[in-house]
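Biologist: I'm new to this one, so I'd like a close look at a single part of it. Could you show me the model before I pick my spot?

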Amino acid sequence: MSKRVSIFAVLAVAAASNVLAASYATAAFKKLQALAGEWEGTDDKHQPVKTNFKAIVSNTAVMETLSPSGMEEMVTVYSLDDNGIALVHFCPTNNQPRMRAVPSTDAVKELAFDFQGAGNLPSQNTGHQHHLVIRFEDEDHITEIWTWRHNGMDMPMVFHLTRKGK
């Protein structure tokens with residue numbers, strides 16, 4: 001009898017932790033949805049950058065259109081994925097990195113997206129976006145740190161953004 005109780009307790013804890021993790025992802029996704037609108041700022045070289053966040057597909061995804069100075073525009077689509085948030089990044093280099101973040105709290109201050117694979121990427125040595133960190137400074141200020149990987153070397157690009165009109 002006690003063996004059954006122990007197994008039930010382990011299963012109950014596992015189920016509760018899955019529900020809790022999914023609620024963390026939902027809270028984090030709501031923070032992404034709240035970014036809807038126009039943003040502007042500078043990169044780490046003090047060059048202008050603009051981005052736009054828009055809820056799409058009945059609010060099940062968020063599309064970001066990022067326009068750094070001197071670069072072609074890039075599109076990233078974020079969506080809930082079980083206990084995390086997945087993204088697909090559409091890059092001017094014609095590859096499509098997929099990344100995923102798993103929040104560990106519902107008071108999300110930062111989302112760190114890790115590389116999961118990519119479409120149209122012939123080799124891991126081919127240049128591609130490999131990591132993204134979004135820091136939620138407050139409701140009108142965020143920082144995005146994109147990490148470009150080429151031949152095993154990482155090059156961060158930092159964008160400090162302010163909600164337009166603030």
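Biologist: Leaving aside its neighbours within four places in sequence, which residues is Phe113 in contact with?

Modeller: A word on the ground rules to start with. This is a predicted model, so local features need pLDDT of at least 70, side-chain atom pairs count only at pLDDT 80 or more, and totals for chains, interfaces and linings use all residues. Residues are numbered from 1 along each chain as its sequence is written, and side-chain values use heavy atoms, with hydrogens and water left out.

Now to your residue. Setting aside neighbours within four places in sequence, Phe113 is in contact with Tyr78, Ile85, Leu87, Met99, Arg100, Ala101, His130, His131, Leu132 and Ile134. Contact here means heavy atoms within 4.5 Å.

Let's take Tyr78 from that list. Tyr78 and Phe113 form an aromatic pair of the tilted kind, 5.8 Å centre to centre with 55 degrees between the planes. For such pairs, rings of Phe, Tyr and Trp (its six-membered ring) must have centres within 6.5 Å; planes under 30 degrees apart count as stacked, over 60 as edge-to-face and the rest as tilted. Tyr78 lies in strand β4 and Phe113 in strand β7 (residues 110-119), so the pair ties together parts that are 35 residues apart in sequence. Strands (E, at least two residues) and helices (H or I, at least four) are DSSP runs, numbered from the N terminus.

Both Tyr78 and Phe113 are buried, which means under 20% relative accessible area, while exposed is over 50% and partly exposed lies in between (1.4 Å probe, protein chains only). They also belong to the largest nonpolar core: of its 28 residues, Leu32, Tyr78, Leu111 and Phe113 touch the most other members. A nonpolar core is a set of buried Ala, Val, Leu, Ile, Met, Phe, Trp, Tyr and Cys residues joined through side-chain atoms within 4.5 Å.

Next, follow the chain of strands from β7. Five bridges join β7 to strand β8 (residues 128-138), and the two run antiparallel; strands pair if DSSP finds at least two bridges between them. Across that pairing, Glu110 stands opposite Arg135 in β8. A hairpin through two residues then takes β8 into β9, and β8 pairs with β9 (residues 141-150) in the antiparallel sense over nine bridges. Leu132, one of the contacts of Phe113, has Trp146 in β9 as its bridge partner.

On the Tyr78 side, strand β4 (residues 74-81) runs antiparallel to β3 (residues 61-68), with six bridges joining them. There, Met63 stands opposite Val77 in β4.

Stepping back, these strands are part of a barrel that 10 strands close, in the order β1-β2-β3-β4-β5-β6-β7-β8-β9-β10, with antiparallel pairing. The protein has one helix besides its 10 strands, and the helix comes before the strands in the pattern α-β-β-β-β-β-β-β-β-β-β. Of its 166 residues, 38% count as buried.

Your pair has company, too, as the structure holds two aromatic pairs. The other is Trp39 with Phe53, edge-to-face at 6.3 Å centre to centre and 80 degrees between the planes. Trp39 sits in strand β1 (residues 37-43) and Phe53 in strand β2 (residues 48-56), 14 residues apart. Trp39 counts as buried at 1% relative accessibility, and Phe53 is buried with a relative accessible area of 2%.
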